[in-house]
Amino acid sequence: MKKNSNLRELMGYAGGHRYLTYLSLLLSAISAILALFPFVFLFRIIQEVIAVAPNYAQATHIVRNGWMAVGFAVLSIVIYVCALMSSHLSAFRIAGNIRKALMAHIAELPLGFIGETGSGKIRRIVSDSSAATETYLAHQLPDMSAAVTTPVCMIVMLFLFDWRFGLVSLLPVILGFAAMFKMAGPSMAEDMKLYQNALADMNNEAVEYVRGVPVVKTFGQTVHSFKRFKGTIDSYYEFVMSYCKKCRPSMLSYTVLVNSAFAFLIVLALILAGGGPVLLNFIFYVIFTPLIATAMTKVMFMSENGMIAADAMSRIHSILDVEPLPEPRSGKVPTDNDVVLENVTFRYTGGITDALRDVTIRVGAGETVALVGPSGGGKTTVAGLISRFWDVAGGSIQIGGINVKDIPKETLTDTVAYVFQDSRLLKASILENVRLAKPNASRQEVERVLHEAQCDDIIQKLPQGIDTVIGTKGVYLSGGEQQRIAIARVMLKNAPILILDEATAFADPENEALVQRAFERLSKGRTVIMIAHRLTTIKNADCIFVLREGRVEESGTHDTLVAGGGLYAKMWQDYQTSVSWKVGAAK
């Protein structure tokens with residue numbers, strides 16, 4: 001089946017507004033035709049002036065022809081404005097519908113896709129790529145219609161008055177486009193794609209850098225520690241500079257040639273040397289030919305505009321074409337809260353090696369277990385797979401004896417609560433942020449869970465209490481305070497299985513103590529899976545699983561693992577050494 005063109009696909013988002021787009025194309029073409037009529041009346045004025053010279057009083061039609069030129073110019077502008085109004089109404093509807101379609105589809109995708117792609121890149125696709133289609137439809141498409149109509153009419157006019165001057169007028173245009181072919185040829189589409197990729201990568205890494213500012217402040221790092229961010233900036237700079245240098249000779253040659261029609265006309269006029277029609281035609285073409293440069297430049301950029309729109313649609317499809325995880329046909333509801341990973345293997349999209357290999361972990365209902373190990377060992381991957389951020393490549397994950405693939409998404413979301421290390425709050429009131437977990441919760445329920453999550457001190461200092469809107473009028477919360485609000489949200493959700501992913505990573509000592517107290521309340525009667533680097537927080541876990549390079553290297557209680565002398569024992573020794581460090585007093 002032949003794939004729809006980009007324009008036809010865009011029209012699919014327009015609904016009844018598609019006819020406004022077609023109307024804008026028609027009006028723009030009519031406007032382009034009318035814009036040429038003033039030159040006809042200008043020619044008549046010149047013709048009459050030369051014919052009666054030096055008895056200029058006999059030129060009785062100058063005023064009439066002048067007003068006709070002005071009238072057609074004004075009419076052309078009015079019709080063009082109507083064309084833009086029509087195109088904008090349709091373009092805004094299309095861009096809005098594309099954004100709605102993207103957001104609706106993203107809501108169906110697993111969180112793993114967001115993590116792998118990067119929120120910055122996704123935001124840019126939703127915002128900038130849809131905006132690119134709006135610019136294309138609102139401005140570039142009507143101009144494209146005019147750009148096609150104008151040269152056709154101009155060629156007719158060029159040869160209508162004097163075919164010799166007409167032919168010479170087109171010669172610099174032909175030479176100019178020949179000079180531009182190398183720059184605007186087939187390689188340009190690939191260059192546009194590389195440019196957009198470089199811009200998207202830089203945007204994505206910028207978002208990640210901003211999110212990492214707490215780490216910079218905590219450990220006193222410089223921007224150079226963010227090598228990926230700096231690398232994307234350098235890559236963008238190198239690509240833009242190399243592309244500009246590559247295009248410079250062609251663009252310079254084109255600009256000189258396409259604007260040099262008058263020089264060719266002077267040569268022809270000297271060859272034909274004579275008065276009367278030759279002088280008249282020469283004057284007309286000198287006035288008329290600058291319009292050729294403008295029209296041809298629009299035609300030249302048509303291909304670039306089309307490439308930008310095609311690239312935007314390609315990026316939009318990079319999201320829309322991603323299939324959500326398959327939903328079970330007959331949903332099953334777990335009757336128990338135990339979690340079992342059986343011979344689980346998983347590899348990230350584009351990964352070279354498996355992130356997890358033959359991992360088996362069993363967590364009894366009501367137990368608290370911990371996942372520890374070196375960075376990149378697979379701890380967060382295990383937690384994400386339990387929440388079904390992705391599907392396993394091999395093995396199975398079961399909750400209450402039921403494969404997570406057979407549990408409906410809503411049921412799984414109600415069963416497993418996930419507290420991230422950097423929980424985010426929306427620009428909304430504390431009440432609304434907590435209610436995200438249970439939209440129909442009463443005010444009293446929200447106040448209760450905020451109290452249990454050790455948030456009383458936060459609420460007391462806010463100007464409107466739980467009705468205070470976060471992120472406005474200077475009302476902001478620290479990372480530890482945001483984490484406690486997020487814990488209150490999870491408490492309101494009341495899920496039987498709780499996953500804590502480095503939930504106290506960026507909390508200060510005071511906030512960490514309060515967060516730990518909130519966790520104690522939250523964990524009662526629940527199955528808890530903790531990811532931690534601060535080993536003192538997991539000493540009392542029922543079982544500790546030590547992961548390295550995607551495998552479970554050892555497991556057991558804290559005392560058993562320390563006595564075993566393995567990786568965990570070394571980690572515990574290193575941790576004890578680090579916490580005993582003291583800064584010597586200055587002498």
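In what order do the six strands of the open sheet lie? The order is S6-S7-S8-S3-S9-S10, and the pairing is mixed, where two strands count as paired if DSSP finds at least two bridges between them. This is a predicted model in which local features need pLDDT of at least 70 and side-chain atom pairs count only at pLDDT 80 or more, while totals for chains, interfaces and linings use all residues. Residues are numbered from 1 along each chain as its sequence is written, and side-chain values use heavy atoms, with hydrogens and water left out.

**The chain as a whole**

- The chain contains 22 helices and ten strands; helices (H or I, at least four residues) and strands (E, at least two) are DSSP runs numbered from the N terminus.
- Of the 587 residues in the chain, 44% are buried, where buried means under 20% relative accessible area, exposed means over 50%, and partly exposed lies in between (1.4 Å probe, protein chains only).
- About 30200 Å² of the chain is exposed, and carbon and sulfur atoms supply 60% of that area; accessible areas come from the Shrake-Rupley method with a 1.4 Å probe, and for residues only the protein chains shown count as cover.
- Among contacts with a separation of 6 or more, 78% join residues that are 24 or more positions apart, a contact being heavy atoms within 4.5 Å.

**The sheet and the helices on it**

- Strand S6 (416-419) and strand S10 (551-556) are the edge strands of the sheet, each pairing on one side only, and the twist averages 20° from one strand to the next.
- Helix H14 (residues 379-386) packs on the sheet, where it touches strand S3 (368-372), S6, strand S7 (497-501), strand S8 (527-531) and S9, and its direction makes about 150° with that of S8; axes are lines fitted to C-alpha atoms, for helices over the stretch in contact, and angles run from 0 to 180 degrees between N-to-C directions.
- Strand S9 (residues 543-548) pairs with S10 in the antiparallel sense over five bridges, and isoleucine 544 stands opposite glycine 556 in S10.
- H14 is mostly covered, with seven of its eight residues buried, including Lys379, Thr381 and Val382.
- Arginine 388, just after H14, takes a positive phi of about 60°.
- Helix H19 (residues 479-493) lies across S6 and S7 and runs at about 180° to S6.

**Buried residues away from the sheet**

- Arginine 124 has its place in helix H6 (residues 119-161), and this arginine is buried because its relative accessible area is 9%.
- Not counting residues up to four places away in sequence, arginine 124 touches Ser129, Gln196, Leu199, Ala200 and Asn203.
- Proline 328 lies in the loop between helix H13 (290-320) and strand S1 (339-346), and proline 328 is buried, with a relative accessible area of 19%.
- The C-alpha atoms of proline 328 and proline 408 are separated by 6.3 Å, although these prolines are 80 residues apart along the chain.
- With residues up to four places away in sequence not counted, proline 328 touches Lys405, Asp406, Ile407 and Pro408.

**A nonpolar patch on the surface**

- Tryptophan 67 lies in helix H4 (residues 62-108) and counts as exposed because its relative accessibility is 63%.
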